[in-house]
Amino acid sequence: MSAPNPIVGLGGRTDHIATVPHLDPARLQLSPEEGSVLALVGRVERIDSVLSRSSLGEARTIAVLLSLRAKGAIVPARVVQRAPAAAPVVDAAMAEEVDLEPEQKRDIIEMERSLDGMDHHAVLGVARGASPQEVKQAYYNASRRFHPDRYFGKNLGSFRARLERIFKRLTDAHNALSRQEPPRAAPSTPPPAAPRVPTTPAPVAPPPAAAPPEDPESEARRAERQARFARHPYMARSHKLTELIARGRAATARGDFERAYQDFNHVLSLDPKNREVTQLLMEARRKHDLSRAQAEVDRGQQLEMSGDFAGAQAAYKLAVSLNGDNPEAAYQAARVGRELTQDAQEVLKLAQRAVELKPGRADYQLLLAQVLLVAGQKKQAKHHFEEVVRLDPDNADARAGLKKLRWTFT
């Protein structure tokens, strides 16, 4: 059981931490502080002991330990006592808390520790003189065990670096052995050429017959290899991304923008750097908002017809928030807001937005003129009343507004 006041990211103060076996500090580019604290950890040490022995102070030492943990230099360790008088024995790698089964951990650790003593043939497990097909098959089999993408989405801790090292070594071995060509037999000395004697042209030979089709057994083997390749974690992930993108495009084409947004968002969670899908996601969201905004305008009109003016106003304002370029949404929100005597400034902004987007609508101009008149902005109101009369000469409301303002300006 951990001691009280645990340190987030490390554990209890009486818990143990250990240096990752076969660690290469140069590869991690440790700072001087990190190097000094790592030396205090040694093979395995209690956290409180490291804190008490460090000259950096407890707070700074904890920060350095967390940095070492993030870089994969140290891991939480479980100390096992073999006997009361025996020294503690620890296997830091096997005790690391990651999303791997013990057998998987052991397989990865043993393979990594053996790499330095193996040549290309031993890494792939093939005999010398193996054919290219045998090398390729051995590489495929090893990739199924050690490809990092097989564990996509899992917490691998220091095992991710191990897998990357193993897979790079496998790839190097495969590339090296695939480039080798079988030795060719030395050409024998050709016999002396016979004297050239003029002859009549030889008859042209008929074209060779077409090669017979492959036997069913060969076709079955090819299909089986393709099926195995398709089950490879990397290919399965690639296939899943392709399927999601195609499904999102189809949803966009039929107007199901919510479905498209979900599919594209799923792709980005798996492949965050995919610029094409980022654009597709933005476009799907834009179209979704446009469609939803129009639906809210329609819903607001239905609520008005049923007498629910407050609900209608909420629907119109939601439409404006979804699509600020929808003039009908802005006009309806301003009109109902004015009838409900809501915030005059907000109503004015909505009416102005509707006119900005569609100045050729007389009803939009009239509403803005009436709102400006109530706000005391008579000069601006007169301008918009005049615009209404220009668009609709018989508009009685606009003429009445101008008559009311006739003596205001000279």
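Two exercises with worked solutions follow, on the sheet of this predicted model and on its confidence.

The model is predicted, so local features need pLDDT of at least 70 and side-chain atom pairs count only at pLDDT 80 or more, while totals for chains, interfaces and linings use all residues. Residues are numbered from 1 along each chain as its sequence is written, and side-chain values use heavy atoms, with hydrogens and water left out.

**Exercise 1.** Work out in which order the 3 strands form the open sheet, and which strands stand at the edges.

*Solution.* Start with strands, which are DSSP runs of E with at least two residues, numbered from the N terminus, as are helices (H or I, at least four residues); two strands pair if DSSP finds at least two bridges between them. Strand β1 (residues 16-19) is joined to β2 (residues 44-46) by 3 bridges in the antiparallel sense, and A18 stands opposite V44 in β2. Next, β1 pairs with β3 (residues 74-77) over 4 bridges, again antiparallel, with H16 opposite A77 in β3. The order is therefore β2-β1-β3, and because β2 and β3 each have a single partner strand, one side of each is left without a neighbour in the sheet.

**Exercise 2.** Find the residues over which pLDDT, the predictor's confidence in each residue from 0 to 100, stays under 50.

*Solution.* Begin with the protein chain, whose mean pLDDT is 81, with 81% of its residues reaching 70 or more. The stretch sought is residues 85-89, for which the model has 9 contacts (heavy atoms within 4.5 Å) beyond four places in sequence. Where pLDDT is low, the predicted coordinates should not be read in detail.
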